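Let's take a walk through this structure together, one region at a time. Have the sequence and the 3D view open, and follow along as we go.

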Amino acid sequence: MSLESVEHWVDETSALTRPKNVVWCTGTPEEYSNLVDVMLRDGTLIRLNEQLYPNSYLHRSDPNDVARTENLTFICTHTKEAAGPNNNWMSPSEAKTGVGKLFEGSMKGRTMYVIPYLMGPVGSPSSKVGVEVTDSPYVAASMFLMTRVGKPALDQLKSSDEFVPGLHSLGDLSPDRRFILHFPEERLIWSIGSGYGGNALLGKKCFALRIASWMAREQGWMAEHMLILGLQDPSGSKTYMAAAFPSASGKTNLAMMVSALETEGYKVWTVGDDIAWLRIDEEGRLRAINPEAGFFGVAPGTSVSTNPVAMHTIEKNTIFTNVAMTPDGRPWWEGIGTPPPAGLLDWRGGVWNGTGPAAHPNSRFTVPARQCPIIDSDWEDPRGVPISAILFGSRRSTLIPLVTEALSWEHGVFMGAGMGAETTAAATGKVGVVRRDPMAMLPFCAYDMADYFAHWLAMGKAMKHPPAIFRVNWFRKGENGKFLWPGFGENVRILKWILERLRGKTGARETFIGSLPEDGSIDIHGLSVTRDQMKTLTALDREGWRREAEEMGAFFRKFGDKLPPAIRDEHARLARSLNSSTQYQS
Ligand code: SAT
Ligand code: MN
């Protein structure tokens, strides 16, 4: 029944886009190597050093197409209100006719790949089927690494006819004719004019976050921009945490951390590095699955000292995109830990002249998750893993303390809702300016964020054992402009503090922004961080908070009457403690 509806949609799509031929993917290794061969022949892929990086390749994207383009991303709902002030909106009919024209004959002379894929572990009630149709073999191959292609999806289609169709075409790659469109009411994705990352691998941001966030609200679950990790303690027991950070802010590093406290028995296991789908179980606890099967991680800054686990993960079967390449065929990027060799080719393919970055700042590796040496034994458990803590983190060089515990679920939702983050290279636009990015979902929530906050509040009420919520910030800088906290593997010290808080084993002082670590309660033995630095890292800057509260207010006011009272109340409480007013007018 539903396979027929897939076939029907594929027929319609090929009548519109007129490809030279249609290839259905069933997910076999032979298909993957055929895709690779096609791309090696036409130069879409370059083989890397086969001894050092077996079965690994370099792809150079169009220099105009190197990151998600949020200004060209639209939510196409029947009313503009449904998309909210946080999204670009286009009416479905305008989208279908206007952008539909760009798809007419867009695959002429090319092969159309039909990729049925499963998001989530096989047999999980949380898992969902998507079908991506694309004329990019690079996108097809990336989907093989990032999702479960073929049989797992087709099997699930036999018992349910729910699937999310995604139509992708490279078009002419011109940003003037680039559109990333979502029709959440009919669970449909259309993307044209880009072959890069979240714009084109439709299972990722388009389905697993935008369409899924819409489905999740309707069906009572959550789709979040979160890594999932398990923290093992000295007794061997594991506590799972989910953490939301904006793109390119270290989610992969945190999820794959080599714990600095490993000799004491604290060890981190990876479940996912980017997206979590969360459901309430029969006992009233939140459980998370990683809908993806691979990592699409930021390359620059990844090294044996910052993320040795990632470096091992990407030793084979990896596609690198927009990194630099050494003359002996190794990938190279800024921060990889070795000096750039003579004759290095930059991400565009020319000999690097030493000015500007050799690897693009948003260059990536795409690799199957099962290759991760610390992948958690339960990462594919159909029930998901139980989540005891939720972390909200963002890149902030000032103001935000190293760690703060929320006073309640409502307060935690307010913390997430008011999150500000310095922008990164993951999206086109200015880098390093603070923008409000609630729960790191601003670019990914497909509906009015005021309703999204309400959904978070409702989920909290529906849970018997809601996770505790914490805000973290590894990126605070001192007066000399240097990071105050070493980060990376040392972040386990903060996870340990969180674990002790969950178990009621360590004290915290309650302040107007939440509970802060008591002096000396964060384990810093063996670290060169001084007690004074720790003081600065957890210091409260009232003047700064006053400005922050005002900026939050300006953001919240965009949502008008829809903003849930609990968020208003929390904001008013913060403002009162700062002796300022919140000035809501409706
Ligand atoms: O390009 S992606 O959206 O897949 C990566 C990211 O921005 O988080
Ligand atoms: Mn992401």
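Does Asn 317 count as buried or as partly exposed, and at what relative accessibility? At 24% relative accessibility, Asn 317 counts as partly exposed, since the limit for buried is under 20%. Please keep in mind throughout that this is a predicted model.

Let's stay with Asn 317 for a moment. You will find Asn 317 in the loop between α10 (308-313) and β18 (319-321). Its backbone deserves a look: the phi angle is positive, about 50°, although the residue is not a glycine. Most residues other than glycine have a negative phi. Move along to Asn 322, and you meet another positive phi in a residue other than glycine, here near 60°. Asn 322 is placed in the loop between β18 and β19 (324-325). What is the relative accessible area of Asn 322? The value is 0%, so Asn 322 is buried.

Now turn to the metal. Which residues supply the protein donors of the manganese ion, ligand 2? They are Lys 205 through NZ, His 225 through NE2 and Asp 274 through OD, lying 2.2 Å from the ion. Read along the sequence, the spacing of these donor residues is K-x19-H-x48-D. The pair of Lys 205 and His 225 links distant parts of the chain, 20 residues apart: Lys 205 belongs to helix α8 (residues 203-219), whereas His 225 lies in the loop between β11 (222-224) and β12 (226-232). Lys 205 and His 225 are both buried.

Lys 205 also leads us to the other ligand. Around ligand 1 you will see Arg 68, Gly 197, Gly 198, Lys 204, Lys 205, Ser 247, Phe 296, Arg 364 and Ala 426. Two helices, α7 (197-200) and α8, each supply at least two residues of this shell. Several polar approaches can be picked out. A polar side-chain atom of Lys 205 lies 2.4 Å from an oxygen atom of ligand 1, and a polar side-chain atom of Arg 68 lies 2.7 Å from an oxygen atom of the ligand. Gly 198 takes part through its backbone, with an N or O atom 2.9 Å from an oxygen atom of ligand 1. How much of ligand 1 does the protein cover? Of the 250 Å² of accessible area that ligand 1 has on its own, the protein covers 98%. As for its location, ligand 1 sits in the second largest cavity.

From here, go on to Ser 249, in the loop between β13 (238-244) and α9 (251-255). Ser 249 has a relative accessible area of 1%, so this residue is buried. Its side chain reaches the backbone oxygen of Pro 246 at 3.2 Å. On the other side of α9, in the loop between α9 and β14 (267-272), comes Glu 264. Glu 264 counts as partly exposed, at 31% relative accessibility. Although Glu 264 and Asp 233 are 31 residues apart along the chain, their C-alpha atoms are separated by 8.5 Å.

Other pairs bring separate stretches of the chain together too. Look for Ala 140 in helix α5 (residues 137-146). Ala 140 is buried, with a relative accessible area of 0%. Its C-alpha atom is separated by 7.8 Å from that of Leu 35, and the two residues are 105 residues apart along the chain.

Let's finish with helix α11 and strand β25. Why can helix α11 (residues 409-417) be called largely enclosed by the rest of the structure? Because eight of its nine residues are buried. The buried residues in α11 are Trp 409, His 411, Gly 412, Val 413, Phe 414, Met 415, Gly 416 and Ala 417. Our last stop is Arg 436, which is placed in strand β25 (residues 434-436). Arg 436 counts as buried, at 8% relative accessibility. Arg 436 is 18 residues from Gly 418 in sequence, and the two are 6.7 Å apart in space, C-alpha to C-alpha.

Notes. Residues are numbered from 1 along each chain as its sequence is written. Chains are lettered from A and ligands numbered from 1 in the order in which they are written. This is a predicted model: local features need pLDDT of at least 70, side-chain atom pairs count only at pLDDT 80 or more; totals for chains, interfaces and linings use all residues. Side-chain values use heavy atoms; hydrogens and water are left out. Donors are N, O and S atoms within 2.8 Å of the metal (3.2 Å for Na, K and Ca); water is not among the atoms, so sites may look incomplete. Helices (H or I, at least four residues) and strands (E, at least two) are DSSP runs, numbered from the N terminus. Buried means under 20% relative accessible area, exposed over 50%, partly exposed in between (1.4 Å probe, protein chains only). A residue is near a molecule or strand if one of its heavy atoms lies within 4 Å of it. A polar contact is a pair of N or O atoms within 3.5 Å; within protein, one must be able to donate a hydrogen and the other to accept it, and residues adjacent in sequence count only if both atoms are side-chain atoms. Accessible areas come from the Shrake-Rupley method with a 1.4 Å probe; for residues, only the protein chains shown count as cover. On a 1 Å grid over the protein atoms alone, a cavity is a set of points where a 1.4 Å probe fits but cannot get out, and a pocket is an open set with protein on both sides within 12 Å along at least five of seven lines; lining residues have an atom within 4 Å of a point. A molecule sits in a cavity or pocket if more than half of its atoms lie within 2 Å of its grid points.
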